[in-house]
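Hi there,

Here is the structure I promised to send over. Have a look at it first, and then read on for what turned up.

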Amino acid sequence: MAMRAGTKACWTSALLVLCELTLLPACAGADVAPKSKSVPIAAPADGADLPQQIPSAALAGEYDCGRWWPCPLGEFMWRSRVCALLVVKAGTIVYENYAPIQGSTRCKLEPGDPDNGRDAPYGLASITKSFTSTLLGLLIARNQSDPTHPWGDIDLAKPVGHYVPALTGAAARPSLEQALRMRSGFIWDDRDNLLYERTIKDSAHAGEPFADAASDLAQPSEGPPAFNYSGLDTTLAGLTLESLLQRHPDTAGWHLSDLLAAWIWQPLRMKYDARWKVDASGTPAPFCCLYMRARDLAKFGQFILENATAPSDNPTTPLASWMQRALRPQGGVTDVAATSCPGYQLDYGYQWWPFVDPRHGFLGLGIHGQMLHIFPREKIVIVQFSTMPAREELALECASYHAHSAIVDSLTR
């Protein structure tokens with residue numbers, strides 16, 4: 001898969017081959033590095049789930065499943081190997097299901113984690129990128145709302161090396177805007193998993209700080225920078241954010257995980273603890289490996305929905321202006337996974353995937369069918385974790401888009 005087969009950096013090539021050959025349920029965002037270091041993100045004492053509708057809505061209707069005839073919506077989870085599916089409408093969970101996959105009731109992530117279900121901490125792959133973008137947006141919004149600009153001047157047009165002195169060579173040259181939009185201009189193929197292998201994977205080469213690895217691995221391509229989906233670009237954005245945190249005494253010494261805890265986990269009153277894999281310096285992987293429960297991801301999606309649909313000057317939704325920029329299409333996204341589903345072509349913003357047709361909303365997207373699918377017009381959030389084998393991923397993702405639209409139709413007609 002050109003865009004994501006290796007780009008979800010919590011994977012190695014060997015595991016991908018194993019997934020394709022055996023269709024292992026464990027391949028849903030699974031990690032082959034159980035000894036990698038991670039930092040906890042504690043839920044607040046008053047954490048709570050979103051309200052839930054009892055009884056749950058029924059998934060009625062049909063969807064285009066890629067066959068000559070439509071499939072019943074009730075078969076979607078089985079056909080697309082979905083192990084967790086949550087649907088939130090107007091802030092209330094209206095559907096929740098954790099289904100057995102390929103005869104197994106497990107959608108395991110790491111040894112010791114609970115079986116597939118409400119208590120399972122699913123390992124976010126590239127949906128983590130959307131969290132990194134959101135954290136940067138929150139910092140910029142707070143900085144702009146304070147007349148003293150406590151985090152200093154933040155200009156997306158400046159090179160990332162302006163903010164991160166530890167970046168050297170080609171890694172320091174892209175602007176923050178280019179890094180956010182995956183247009184750094186590097187020669188890069190995430191399928192090599194080089195960044196993951198050298199920083200957070202439990203191996204002989206693990207433990208290198210992200211800035212050192214990025215500086216060593218970044219190689220400029222010829223010609224103007226074009227879209228190239230890359231965990232390296234997200235890493236540059238995440239390192240910039242961590243560097244900006246050091247400018248303010250209240251956030252000096254913080255990592256991305258501290259920011260996530262203070263500005264998202266605590267104020268949103270997340271119900272469950274999370275964890276995030278880190279490099280030797282304690283910096284979480286900006287591009288992957290944030291572990292959380294599906295219900296907390298749904299609550300985060302509701303937060304994004306509310307900010308994406310609010311006026312930019314609304315003080316109760318500080319991320320609104322950032323989300324308008326983050327979802328602005330850029331064009332020129334020719335990756336096969338963005339263009340292979342007729343009627344559901346994708347563009348790319350600031351670490352989010354807006355559909356070209358706005359009726360389909362936008363996505364945070366991860367390997368093998370991980371989706372945080374947000375429909376702003378209908379005020380619906382869909383969380384999906386799957387075990388899609390790599391060789392079928394494009395077709396099953398396309399079927400998922402059709403199924404999500406059918407779910408929205410069934411809840412709004």
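To start with a small puzzle: which residue in β5 is the bridge partner of Leu-86? The partner is Glu-96. Please keep in mind throughout that this is a predicted model.

**The sheet**

That pair belongs to the contact between β4 (residues 82–89) and β5, two antiparallel strands joined by six bridges. Both strands are part of an open, six-stranded sheet with antiparallel pairing, and its order is β5-β4-β12-β11-β10-β9. The edges are taken by β5 (92–98) and β9 (353–354); each of them has a single partner strand, so one side of each has no neighbour in the sheet.

Two helices are worth finding next. Helix α3 (residues 127–145) lies across β10 (362–366) and β11 (370–375), and runs at about 125° to β10. Helix α13 (residues 393–412) also packs on the sheet, where it touches β4, β5, β10, β11 and β12 (380–386). The direction of α13 makes about 35° with that of β11.

**The pockets**

You will meet α13 again in the largest pocket, which holds about 200 Å³ of space. Twelve residues line this pocket, and those nearest its centre are Cys-65, Arg-67, Arg-79, Ser-80 and Leu-396. Two elements, α2 (76–79) and α13, each give two or more residues to the lining. The largest share comes from α13, with three residues. Sorted by class, the lining has six nonpolar, three polar and three charged residues.

The second largest pocket has a volume of about 160 Å³. Its lining includes four prolines, Pro-329, Pro-354, Pro-358 and Pro-376, along with Phe-355 and Phe-362. Ala-308, Leu-327, Gly-361 and Arg-377 line this pocket too. By class, that makes eight nonpolar residues, one polar and one charged.

**A buried helix**

Finally, is helix α9 (residues 256–265) largely enclosed or largely open? Eight of its ten residues are buried, so α9 is largely enclosed by the rest of the structure. The buried residues include two tryptophans, Trp-263 and Trp-265, as well as Leu-256, Leu-259, Leu-260 and Ile-264. Ser-257 and Ala-261 are buried as well. What do these buried residues pack against? Their neighbours are the strands β1 (38–41), β7 (274–277) and β8 (290–292), and the helices α3, α8 (231–245) and α10 (294–308). So if you follow α3 in the viewer, you will find it both lying across β10 and β11 and packed against by the buried residues of α9.

Enjoy exploring, and write back with any questions.

Best wishes

Technical notes:
Residues numbered from 1 in each chain as written. Predicted model: local features only at pLDDT ≥ 70, side-chain atom pairs only at ≥ 80, totals over all residues. Heavy atoms only, no water. Pairing = 2+ DSSP bridges. Helix = DSSP H or I, 4+ residues; strand = E, 2+ residues; numbered from the N terminus. Contact = heavy atoms within 4.5 Å. Axes fitted to C-alpha atoms, helices over the stretch in contact; angles between N-to-C directions. 1 Å grid on protein atoms, 1.4 Å probe; cavity = no way out; pocket = protein on both sides within 12 Å on 5 of 7 lines; lining within 4 Å. Points joined across faces, edges and corners; volume = space filled by probe spheres on them. Nonpolar A, V, L, I, M, F, W, Y, C, P; charged D, E, K, R; others polar. Buried < 20%, exposed > 50% of the residue type's maximum accessible area, 1.4 Å probe, protein only.
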